[in-house]
Structure formats: C-alpha cells, structure tokens
Amino acid sequence: MKTNFSVLFYLKRQKNYEGDVAPIYIRLTLNGKRAEISTARSCHPSLWNSFSGRASGKKEESMTLNFQLDQLQRKVYDAYKSLLNANEEISIASIKAKFQGKEINMLSILDVIDEHNDEMRALVGKDYAPGTLKRFLVLRKHVQEFIQKKYKLEDLDLKKVDQKFISDFDFYIRSVKKCSNNYTVKVLKSVGKIINISHHNKLIENNPFIGYKGKTKKTDRFFMDEDELQKITDKEFSSERLGTVRDVFLFCCYTGLAYTDVKNLRKNHINKGIDGEQWIVKVRQKTNTRSAIPILPQAQVLLDKYADHPICDGNMLLPVLSNQKMNEYLHEIATICGVDKKLTTHIARHTFATTVTLLNGVPIESVSQMLGHTNIRTTQQYAKVVDIKVGADMARLREKLAQKLNNKKSDG
C-alpha cells in the first residue's frame with residue numbers, strides 16, 4: 001500500500017505570544033493524518049525560516065540548531081523505514097511511538113514535562129519569571145539523562161514513575177550530578193509538581209511522591225561587613241571595567257536589588273515616595289511582588305554618576321553586564337581589595353539586608369518589604385546572622401544596669 005509520509009519542523013506560538021523564543025515541534029503527516037512531537041528546542045521567530053523549517057543564518061547558534069534538527073529528521077525517517085521493512089502496521093501513532101522508543105499510545109514522563117514547559121513558556125513575563133522556565137528546562141534534561149543511564153531508554157512510561165524511580169533519581173542527582181542537598185530537593189520538588197499535575201488530571205492512579213521527605217538544610221547567608229564594604233568603596237581601579245562592575249555591585253548593596261531587577265531598572269521605576277524623597281518602586285521579577293526602596297545617598301551618587309553614560313542612553317539607569325561577567329569580575333575585585341569572600345551579585349543583596357539595614361536598627365518588617373519577600377520567614381534567615389547587633393545592644397543594656405546597681409550601692 002502506497003503511503004504519503006512527510007516531516008515538517010515548525011514554531012508553535014501560543015495565542016498570547018509576545019515576541020520571545022517559541023518552541024519547535026515536529027509535524028508528522030501520513031496520508032493526511034497528523035501528529036505533533038516536541039523537539040525540546042526553541043528559536044526566536046526572527047531567526048526562523050518557515051519555508052525550510054530551519055533557523056536562518058550562518059551563526060554557530062543557528063548551525064548547531066539545524067544540525068540537531070537534521071538528526072531528529074533522520075531519526076524519524078529511520079523509524080518509518082524500520083516499520084516498513086518489518087512489515088509492521090504503519091500509522092501515524094506507530095511512527096511516533098517508534099521514533100520515541102515507546103509503545104503506541106504510551107504517555108511518557110517527558111511528554112508531560114514538555115507540555116508543562118510549553119504552557120509555562122507562553123506565560124513567561126505574566127505568571128512566571130524566565131528563571132522559573134529555565135529551571136524546568138534543566139529538569140527535563142536531568143530526567144532524560146537519568147532515564148538514558150538507568151533504563152537505557154529515550155523516555156519512560158509515566159505509569160512506571162514509582163517511588164523507586166523517585167528514590168533512584170534523588171540518588172542520581174546527588175551522586176552522578178554531584179549536586180548539593182538543597183539543589184537536589186528543589187529538583188525533586190519540580191518533578192513532584194509535574195507528577196501532582198498528572199495525578200490531578202487522572203493521567204496516573206497513584207502519586208509516587210506521597211512519602212517523599214526531602215528537606216532543605218539551612219545555609220549561612222554570606223554578606224560583607226562594614227570594613228569589607230568600605231574597602232571596595234574606597235578602592236580606585238585603573239580598569240574602567242572593574243570600576244563599573246564595582247559601582248553596580250555597590251548600588252545593589254545599598255538598595256537590595258537582585259541582579260535581574262537592577263538589570264531591568266528603568267527611569268520609570270524612580271518615583272517620589274511618601275516622605276517626598278526619591279524611591280525605587282518596582283515589581284520583583286522572581287516573586288512578582290512589589291518592593292519600595294528609599295534611595296540612600298550612596299545609591300543616588302551612583303545613579304548621578306552614570307546619568308550620562310553612553311550605555312544608559314534613554315531609559316536605562318546603570319550599565320549592567322551579564323550576570324556571568326559580573327560574578328567573574330567581582331571575584332577579581334575581591335582579590336584586589338583583599339576581601340576573603342567569594343563575591344557574587346547576590347552577596348550585595350545579603351549585605352543590604354544585614355550590614356546596611358538590620359545592623360543599623362531598621363526593623364525586620366521594613367527590610368522584608370524592601371527586599372520584596374513574600375514571607376517574613378525568608379527575611380528571618382538574615383536576622384539570625386545579626387548577633388553583632390544583639391551583642392552591641394546588650395552591651396549598652398549591661399552598662400546601664402551596672403550603672404543603676406552602682407548608684408544603688410553608693411546610695412546605701
């Protein structure tokens with residue numbers, strides 16, 4: 001029997017698509033019947049050639065993507081030819097199943113992860129931050145690599161995801177990937193979300209995550225003390241590059257902004273506050289919560305310094321490099337300034353929470369609001385490291401009580 005079989009790669013854009021990258025799907029067509037398969041890859045529409053079903057241009061990124069799509073296309077045709085040569089039933093379902101290395105009509109763990117990620121991708125910037133999507137894309141990679149290593153398969157039936165799968169995957173992340181306890185627990189919680197959705201939608205009868213007891217361990221929040229902050233502030237750099245990175249870092253130390261939020265800081269985020277002074281008022285990208293931060297003099301000096309910077313033309317307030325570059329140069333800055341700590345952009349946020357605010361008597365409720373925390377318990381993780389303030393406060397009390405005792409003795 002003659003069959004008309006074709007393969008097409010296309011971008012699947014959701015209704016609320018707003019210009020970011022879109023997922024690439026394979027469309028299989030057999031005698032007029034179609035099936036879709038996620039490639040777990042994406043491309044920006046401006047780089048996509050819908051006629052060829054490939055990325056445009058000669059840049060390495062486009063060429064690498066096209067090479068991967070070529071491999072997937074060959075794999076699809078190999079699956080089709082394998083069925084043909086074996087005189088097996090040739091249907092759109094059998095070709096798709098053969099390509100994915102699973103039984104016909106099997107719903108796999110990667111299928112439900114892909115569906116979840118595609119829905120999340122469409123809502124990035126609305127209900128989800130880009131970093132959240134990135135976490136689930138990394139999760140898919142971890143799960144796929146685990147299945148390949150553990151089961152020697154490309155995918156696994158969702159119904160075979162049981163408590164042993166969860167336990168073995170936990171061990172795999174800790175041992176093979178050499179990840180910390182807290183990261184492992186976060187990865188497993190992400191898997192748990194996928195499984196809970198599947199159970200809620202009645203795709204599986206039992207929830208294998210019942211009984212899983214992954215617990216994060218409390219970790220120390222590193223921050224700079226006053227002396228270290230002053231060392232970095234006072235240092236004169238011959239390199240403009242290091243000077244600029246230092247200034248952005250200090251701005252975060254005096255505002256508590258996370259990297260993503262300072263990167264996206266614009267002129268419209270500066271408003272007159274309730275006290276008549278200048279405030280930063282913006283929604284945190286990570287938690288989508290409002291934070292309002294009075295601009296301290298040290299932060300205002302830095303804003304004024306870069307007001308006419310060429311990179312800050314228009315709406316930008318500071319010339320912020322990529323997070324990777326920032327952290328790379330901060331390591332260099334720490335060495336030059338004699339600060340024996342691994343500086344990162346997030347250390348600035350911790351420094352604001354402790355050295356700049358809590359240690360100077362700012363109430364924890366105010367600090368929590370400025371940091372944009374959704375729960376004050378998150379802020380309390382910083383409060384436990386302010387023993388210096390407790391010691392100073394108690395020293396004053398001790399002195400006061402000792403004076404009263406002495407006065408009483410002299411009166412007697």
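**Notebook: cores, a helix and two cavities**

I began with Phe-251 and listed its contacts: leaving out residues up to four places away in sequence, Phe-251 touches Leu-257, Val-262, Leu-265, Ile-280, Ala-299, Leu-302, Leu-303 and Leu-318. A reminder to myself: this is a predicted model.

**Entry 1: the cores.** Which residues touch the most other members of the largest nonpolar core? I found Ile-232, Phe-249, Phe-251 and Leu-343, in a core of 47 residues. Helices H7 (226-234), H8 (240-253), H9 (259-263), H10 (297-305), H11 (323-337), H12 (345-357) and H13 each give two or more residues to this core. H8 has the largest share, with eight residues. Another core lies apart from this one; it has 27 residues, including Phe-136, Phe-146, Leu-156 and Ile-204. My textbook note fits here: in soluble globular proteins, nonpolar side chains tend to be buried together.

**Entry 2: helix H4.** Next I checked the length of H4, residues 130-151. Its 22 residues, at 1.5 Å a residue, should span 32 Å, and the end C-alpha atoms are 31 Å apart, so the two values agree. Which residues of H4 are buried? My list reads Thr-132, Leu-133, Phe-136, Leu-139, Arg-140, His-142, Val-143, Phe-146 and Ile-147. I kept a general rule beside the list: an α-helix has 3.6 residues a turn, so residues three or four places apart point the same way. I then looked for what covers the buried residues of H4, and found strand E3 (33-43) and helices H3 (109-122), H5 (163-175) and H6 (181-200) among the covering elements. After H4 comes Lys-152, with a positive phi near 60°.

**Entry 3: the cavities.** How many cavities of 30 Å³ or more are there? I counted two.

The largest holds about 60 Å³ of space. Its lining is made of Pro-23, Ser-38, Ala-40, Arg-41, Asp-114, Asn-117, Asp-118, Arg-121, Leu-137 and Arg-140. By class I noted five charged, three nonpolar and two polar residues. E3, H3 and H4 supply at least two lining residues each, and H3 gives the most, with four. I met Arg-140 twice: Arg-140 is a buried residue of H4 and also lines this cavity.

The second largest cavity has a volume of about 40 Å³. Among the residues lining it are Leu-257, Asp-261, Lys-282, Arg-284 and Met-370. Strand E8 (290-294) and helix H13 (364-371) are the elements that give two or more residues to this lining. I sorted the lining into five nonpolar, three polar and four charged residues. Leu-257 brought me back to my start: Leu-257 lines this cavity and touches Phe-251.

Methods: Residues are numbered from 1 along each chain as its sequence is written. This is a predicted model: local features need pLDDT of at least 70, side-chain atom pairs count only at pLDDT 80 or more; totals for chains, interfaces and linings use all residues. Side-chain values use heavy atoms; hydrogens and water are left out. The expected span of a helix is 1.5 Å times one less than its number of residues. Buried means under 20% relative accessible area, exposed over 50%, partly exposed in between (1.4 Å probe, protein chains only). Contact means heavy atoms within 4.5 Å. On a 1 Å grid over the protein atoms alone, a cavity is a set of points where a 1.4 Å probe fits but cannot get out, and a pocket is an open set with protein on both sides within 12 Å along at least five of seven lines; lining residues have an atom within 4 Å of a point. Grid points are joined across faces, edges and corners, and a volume is the space filled by probe spheres set on the points. Ala, Val, Leu, Ile, Met, Phe, Trp, Tyr, Cys and Pro count as nonpolar, Asp, Glu, Lys and Arg as charged, and the others, Gly among them, as polar. A nonpolar core is a set of buried Ala, Val, Leu, Ile, Met, Phe, Trp, Tyr and Cys residues joined through side-chain atoms within 4.5 Å.
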